[in-house]
Amino acid sequence: MFLEIITPDKKLFSGEVKSIVLPGTDGKFGILNHHAPIISSLKKGTVKVTDTVEKTQNFEIKGGVVEMLNNQVIILAE
Amino acid sequence: MASLKEVRNRITSISSTQQITSAMKMVSAAKLRRAQEAITQMRPYAKKLREILENLSASLDSNDGTFSKERPVKNVLLIVVTSNRGLAGAFNANIIKRAVALAKNEYKAYNVTVLCIGKKGNDFFRRTEFKIIGSDMPRKLNELFDKLTYDNVAPVAEKIMEVYAKGEFDKIDIIYNQFKNAAVQIPTVEQFLPVVATKTEGKSSKVDYIFEPSKEEIVKDLIPRSLKTQIYKALLDSHAAEHGARMTAMHKATDNAKDLLRELKLSYNKARQASITNEILEIVGGAEALNG
């Protein structure tokens, strides 16, 4: 699936990934390929991204919102 | 006719002014490019945020939130966004004029308070009878433009929202120069609070989203975010517009200096020629007298 992490200042990440772990307001949750459409708010924490070659990257966010639709994930982070 | 020396002095002084204005023009052009880039960076974020919000509020009339509920208006706050430096043509004057007109006409019946972002506005409103707030902000308002990042602007926006939530003001407007292109700035008045209902263009998506934790919670979380983005966008716009305005002003100044220089050179040469002619006449006259 395709992931974009956008902040008001710049684009943090853009690319094909395998899995994402997000700090949801009600607790951590993960998104895998072909997840159902979801909109969730995020709290302060770490976004863990695993890309197609099993490399993980961490992004610290102060909060935000995530939208998943048609295998496209957009994280609006702060 | 002015003496040679006088004209020469003026030529030197004008050409050094011209050097300064053309240097300022170049600096502004470079800064304008960077400011424009910042706007482009921010656009996808703002667009997506609005999309999600429209999507949500279409199926939810949340007209009872702290920020969206209309209250009877008594106290109005005007956020006036100007620049810290002058020499930008009518950039600051336009905004100040607009703000004063608003306060004296439309908001005549209310208590108007002003919050200035940018030194020029502050300098003006300090000399008027309007009440000014903003000295207790988490960031120095005038220093915002030195390092214009979302992280710097957000605390200020939060503070403004907090003041509104406490009920000190019933309506907050933001007045700034919208950036259209390098030569055109549009003085704009936008309502900041209460939130203007987002207009959905009748194409609410049919997608069946899962909402975590719930629609209401997400909207509650998103509205402050979109408000912060609104202020940030106004500041970015104003910043880019400022450099655009300064670039145009300095371009004009450089052109004017060029015209002046041409005229002065002409009169300098005329004076020089006249004095040479005079000298020759004197020499010839003297020679004639000797011969005679």
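Two strands count as paired when DSSP finds at least two bridges between them. By that yardstick the two chains of this predicted model are stitched together by a pair of strands: S4(A) and strand S6 (residues 210-212) of chain B run parallel to each other and share 3 bridges. Within that pair, Ile39(A) has Phe211(B) as its bridge partner.

Around this pairing, the contact between the chains takes in 19 residues of chain A and 22 residues of chain B. On the chain A side, the elements that put in two or more residues are strand S4 (38-42), strand S7 (64-69) and strand S8 (72-77). Top contributor to that side is S4(A), with 4 residues. Sorted by class, the face that chain A turns to chain B holds 10 nonpolar, 5 polar and 4 charged residues.

Chain A itself is an all-strand affair, with 8 strands and 0 helices, so to speak β-β-β-β-β-β-β-β when read along the sequence. Its radius of gyration comes out at 11 Å, close to the 12 Å that the globule rule gives for 78 residues, so chain A is as compact as a globular protein of that length. The C-alpha trace of chain A covers about 25 × 25 × 20 Å along its principal axes. Of the 78 residues in chain A, 33% are buried. Taking contacts in chain A between residues at least 6 apart in sequence, 46% link residues at least 24 apart.

Two antiparallel pairings in chain A involve strand S5 (residues 45-51). One is with strand S2 (residues 11-24) of chain A, through 4 bridges, and here Val21(A) sits opposite Lys48(A) of S5(A). The other is with strand S6 (residues 56-61) of chain A, through 6 bridges; in this case Thr46(A) is bridged to Glu60(A) in S6(A). S5(A) and S6(A) also make up a hairpin, with 4 residues between the strands. In the turn of that hairpin, Glu54(A) has a positive phi of about 65°.

Chain B mixes both kinds of element, with 5 helices and 6 strands. From the N terminus on, they follow the order α-β-α-β-α-β-α-β-β-β-α. The radius of gyration of chain B is 29 Å, well over the 19 Å that the globule rule gives for 292 residues, so chain B is more spread out than a compact globule. Its C-alpha trace spans about 115 × 45 × 30 Å along the principal axes. Buried residues account for 31% of the 292 residues in chain B. As for contacts in chain B with a separation of 6 or more, 79% are between residues 24 or more positions apart.

Chain B also carries an open sheet of 5 strands, arranged S3-S2-S1-S4-S5 with mixed pairing. Strand S3 (131-133) and strand S5 (184-193) of chain B are at the edges with a single partner strand each, so one side of each has no neighbour in the sheet. From one strand to the next, the twist averages 30°. Inside the sheet, strand S1 (residues 75-81) and strand S4 (residues 171-181) of chain B pair in the parallel sense over 5 bridges, with Leu77(B) bridged to Ile172(B) in S4(B). Helix H3 (residues 119-126) of chain B packs on this sheet, where it touches S1, strand S2 (111-117) and S3 of chain B. The direction of H3(B) makes about 145° with that of S2(B). Helix H5 (residues 215-291) of chain B lies across S1, S2, S4 and S5 of chain B, and runs at about 40° to S4(B).

The domain assignment splits chain B into domain 1 (4-26 + 250-286) and domain 2 (27-248). The C-alpha centres of these two domains of chain B are 49 Å apart. Where they touch, domain 1 of chain B brings 7 residues and domain 2 of chain B brings 7 residues. On the domain 1 side, helix H1 (4-58) and H5 of chain B each supply at least two residues. H1(B) gives the most to that side, with 4 residues. By class, the domain 1 side of this contact in chain B has 4 nonpolar, 1 polar and 2 charged residues.

Notes:
Residues numbered from 1 in each chain as written. Chains lettered and ligands numbered in written order. Predicted model: local features only at pLDDT ≥ 70, side-chain atom pairs only at ≥ 80, totals over all residues. Axes fitted to C-alpha atoms, helices over the stretch in contact; angles between N-to-C directions. Contact = placed C-beta atoms within 7 Å. Rg over C-alpha atoms; globule rule 2.2 N^0.38 Å. Buried ≥ 20, exposed ≤ 12 C-beta atoms within 10 Å, placed from the backbone. Domains from an automatic or database assignment. Nonpolar A, V, L, I, M, F, W, Y, C, P; charged D, E, K, R; others polar.
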